[in-house]
Amino acid sequence: MYKDLNKTVAKDLNFESILEERKISLQPLVDYIQQKTDSGQEININFICTHNSRRSHLSQVWAQTASSYFNILNVHCYSGGTEETALFPKVAETLTNQGFCIFKIADNNNPVYAIKHSDNALPIIGFSKKYDSPFNPVSAFAAIMTCSQADSGCPFIVGAEKRISITYEDPKISDDTPEQLKVYAQRSLQIATEMFYVFSKINR
């Protein structure tokens, strides 16, 4: 991983900060990944929220990074929304500040970003899309509901073999306030900590 990203992981991710009730929420994802690992199957994870603009992207990026960090093979992380909007620019800025290398590969109303955690890693492609976009898997995936609105408003995810609710407070509440940068950084680190915890529990 990039040097600055390694520093973030070493300095800012503390598993002891995860409450026991959150560990209970995370356990189904641990179990899903472990079962796929044990059977030698591909691990497809689609993180879903309403707009696919903030939390689902942060979850996708940190989960993919954690799988590489712990050398869990055949992990493919995706994200989607119940509607398409755009990846919020503050998300890309936050991840850059925490050590990722990010550049735009298309600039329009729904920009497309390439997000890398190391020089030789395949980039994670970040842009807003519906969860059932052709870019995402159509079957044999876990649907991780990262916001309560999507969880309650989308009772059935076509193609998902497992549905897991791991919700986060929307950092959007800080938009246009002096606390925005701090809130986005905190939410990103919370998600990072939990995704790294999940992959740290997998026995290869």
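The following dialogue examines how several descriptions of this predicted model are justified.

Trainee: What makes the overall dimensions agree with those of a compact globule?

Mentor: For 204 residues a compact globule would have a radius of gyration near 17 Å, and the protein has 16 Å, so the two agree. The C-alpha trace spans about 45 × 35 × 35 Å along its principal axes. Of the 204 residues, 52% count as buried. Among contacts with a separation of 6 or more, 69% are between residues 24 or more positions apart.

Trainee: How many helices and strands does the secondary structure comprise?

Mentor: There are six helices and seven strands. Along the sequence they follow the pattern α-α-β-α-β-α-β-β-β-β-α-β-α.

Trainee: Why is strand S4 described as largely enclosed by the rest of the structure?

Mentor: Strand S4 covers residues 112–116, and five of its five residues are buried, so the strand is largely enclosed. The term buried requires a relative accessible area under 20%. Val112, Ala114 and Lys116 on one side of S4 meet that condition, as do Tyr113 and Ile115 on the other, and both faces are thus covered.

Trainee: How do you know that S4 pairs with strands S3 and S5?

Mentor: The criterion for pairing is at least two bridges between the strands. Strand S3 (residues 101–106) is joined to S4 by five bridges and runs antiparallel to it. S4 and strand S5 (residues 124–126) share three bridges, also in the antiparallel sense. Both pairs therefore satisfy the criterion of at least two bridges. Between S3 and S4, Lys104 stands opposite Tyr113, and Ile102 has Ile115 as its bridge partner. On the S5 side, the bridge partner of Ile115 is Ile124. S3 and S4 also form a hairpin, with five residues between them.

Trainee: What makes S3 and S5 the edge strands of their sheet?

Mentor: The sheet is open and has three strands in the order S3-S4-S5, with antiparallel pairing. S3 and S5 each pair on one side only. Neighbouring strands of this sheet are turned by 30° against each other on average, direction ignored. Helix H3 packs on the sheet, touching S4 and S5, and its direction makes about 180° with that of S5.

Trainee: Which strands form the parallel sheet, and in what order?

Mentor: Four strands form an open sheet in the order S2-S1-S6-S7, with parallel pairing. Its edge strands are S2 and strand S7 (160–165), each of which pairs on one side only. The average turn between neighbouring strands here is 25°, direction ignored. Strand S6 (residues 141–145) is joined to S7 by five bridges in the parallel sense, and Met145 stands opposite Ser165 in S7. H3 packs on this sheet, touching strand S1 (43–49) and S2, and its direction makes about 180° with that of S2.

Trainee: Why is the aromatic pair of Tyr69 and Phe196 called tilted?

Mentor: A pair of aromatic rings is described by the distance of the centres and the angle of the planes. The count comes to eight aromatic pairs. In the pair of Tyr69 and Phe196, the centres are 5.1 Å apart and the planes are at 55°. The distance lies within 6.5 Å, and the angle is neither under 30 degrees nor over 60, so the pair is tilted. It links distant parts of the chain, with Tyr69 in helix H3 (residues 55–69) and Phe196 in helix H6 (residues 180–200), 127 residues apart. Tyr69 is partly exposed at a relative accessible area of 41%, whereas Phe196 is buried at 2%.

Trainee: What makes the pair of Phe70 and Phe196 edge-to-face?

Mentor: Their ring centres are 5.9 Å apart and their planes are at 65°, which is over 60 degrees, so the pair is edge-to-face. Phe70 lies in the loop between H3 and strand S2 (75–81), 126 residues from Phe196 in helix H6. With a relative accessible area of 23%, Phe70 is partly exposed. Ring pairs link Trp62, Tyr69, Phe70, Phe100 and Phe196 into a cluster.

Trainee: How do you know that the charged end of Arg54 sits over the ring of Phe88?

Mentor: The distance condition is that CZ of Arg be within 6 Å of the ring centre, and the charged end of Arg54 is 4.0 Å from the centre of the Phe88 ring. Arg22 likewise lies over the face of Tyr168, at 5.0 Å from the ring centre.

Conventions:
Residues numbered from 1 in each chain as written. Predicted model: local features only at pLDDT ≥ 70, side-chain atom pairs only at ≥ 80, totals over all residues. Heavy atoms only, no water. Phe/Tyr/Trp six-rings, centres within 6.5 Å; stacked < 30°, edge-to-face > 60°. Buried < 20%, exposed > 50% of the residue type's maximum accessible area, 1.4 Å probe, protein only. Lys NZ or Arg CZ within 6 Å of the ring centre and 35° of its normal. Axes fitted to C-alpha atoms, helices over the stretch in contact; angles between N-to-C directions. Contact = heavy atoms within 4.5 Å. Rg over C-alpha atoms; globule rule 2.2 N^0.38 Å.
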